[in-house]
Amino acid sequence: MNIHNADLEVSAVKKEQYPKTIYPEFAFVGRSNVGKSSMINKLLNRKSLARVSQTPGKTITINFYNVDDTIFLVDLPGYGYARRSQSEIEKWGDMIDDYLNGRKQLRKVMMLVDSRHAPTNDDKVMLEWIKSAQPDECAIVIATKTDKLSKRELEKNLKMIYKELELEPDDILVPFSTKDDEGKYTVWDIIGLMKG
């Protein structure tokens with residue numbers, strides 16, 4: 001995909017702040033520190049449009065990235081960060097729920113997992129949440145940080161992730177690395193097919 005302009009349009013904490021556009025939206029969700037911001041930068045051919053933090057749990061807003069006034073890539077706050085208070089976790093849940101269940105422009109939610117580790121219970125719950133919000137669609141799971149594994153380890157881990165998340169034959173598991181272009185064009189192909 002040739003991208004001419006990509007900008008952070010808005011960082012929202014409630015639906016009144018969402019962009020007032022009808023562009024299709026593609027959202028990414030995953031545990032804190034799974035690499036969402038790095039992946040968005042890779043997809044958009046930008047080094048630091050999405051802020052990458054060394055501190056997990058830093059993104060606490062829903063960030064809407066406008067791509068050429070045609071679509072939005074949406075970065076949802078990371079989950080599973082232990083140092084959050086109960087009230088923060090509940091607020092996070094309400095914010096995500098509002099977006100997943102109330103946004104007409106949302107075409108697809110893609111979940112990121114770290115290819116080096118088994119999916120956590122939080123990942124499994126999140127995937128169930130996504131499937132209940134989009135019940136008639138296949139799940140898209142993106143396994144990040146694949147460059148940190150050998151080919152053999154990656155093959156083994158992808159099978160393990162597929163099994164642990166109980167993915168169906170129609171579901172798609174995309175290996176993704178920000179070090180090279182692995183997965184980048186696959187994600188754009190998925191977006192292209194689903195943007196309508």
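**View 1. Strand β5 in the predicted model is mostly covered.** Of the nine residues of β5, eight are buried. On one side, β5 pairs with β2 in the parallel sense, over six bridges. The pairing of β5 with β6 is likewise parallel, and five bridges make it up. Met-111 of β5 stands opposite Val-29, and the bridge partner of Met-111 in β6 is Val-141. From β5 the chain passes through helix α3 (residues 121-133) to reach β6, a right-handed β-α-β crossover.

**View 2. Seven strands form an open sheet with mixed pairing.** The strand order is β1-β3-β4-β2-β5-β6-β7. The edges are taken by β1 (6-12) and β7 (172-175). Each of these two strands has a single partner, so one side of each is left without a neighbour in the sheet. Averaged over the sheet and ignoring direction, neighbouring strands are turned by 25° against each other.

**View 3. Edge strand β1 pairs with β3 in the antiparallel sense.** Strand β3 covers residues 62-67, and six bridges link β3 to β1. Asp-7 has Asn-66 of β3 as its bridge partner.

**View 4. Helices α1 and α4 pack on the sheet.** Helix α1, residues 36-43, touches β2 (25-30), β3, β4 (71-75), β5 (106-114) and β6 (140-144). The direction of α1 makes about 145° with that of β2. Helix α4, residues 151-164, touches β5, β6 and β7. For α4, the angle with the direction of β7 is about 150°.

**View 5. Lys-36 of helix α1 is a buried lysine.** Why does Lys-36 count as buried? Its relative accessibility is 7%, and the cut-off for buried is under 20%, so Lys-36 falls in that class. Which side chain does that of Lys-36 join in a polar contact of 2.9 Å? The partner is the side chain of Asp-75. With neighbours within four places in sequence left aside, the residues in contact with Lys-36 are Phe-28, Val-29, Gly-30, Asp-75, Leu-76, Pro-77, Gly-78 and Leu-112. Val-29, one of these contacts, is also the residue opposite Met-111 in β5.

Technical notes: Residues numbered from 1 in each chain as written. Predicted model: local features only at pLDDT ≥ 70, side-chain atom pairs only at ≥ 80, totals over all residues. Heavy atoms only, no water. Pairing = 2+ DSSP bridges. Helix = DSSP H or I, 4+ residues; strand = E, 2+ residues; numbered from the N terminus. Axes fitted to C-alpha atoms, helices over the stretch in contact; angles between N-to-C directions. Contact = heavy atoms within 4.5 Å. Buried < 20%, exposed > 50% of the residue type's maximum accessible area, 1.4 Å probe, protein only. Polar contact = N/O pair within 3.5 Å; in protein donor to acceptor, adjacent residues only side chain to side chain. Right-handed = clockwise from strand over helix to strand, strands pointing away.
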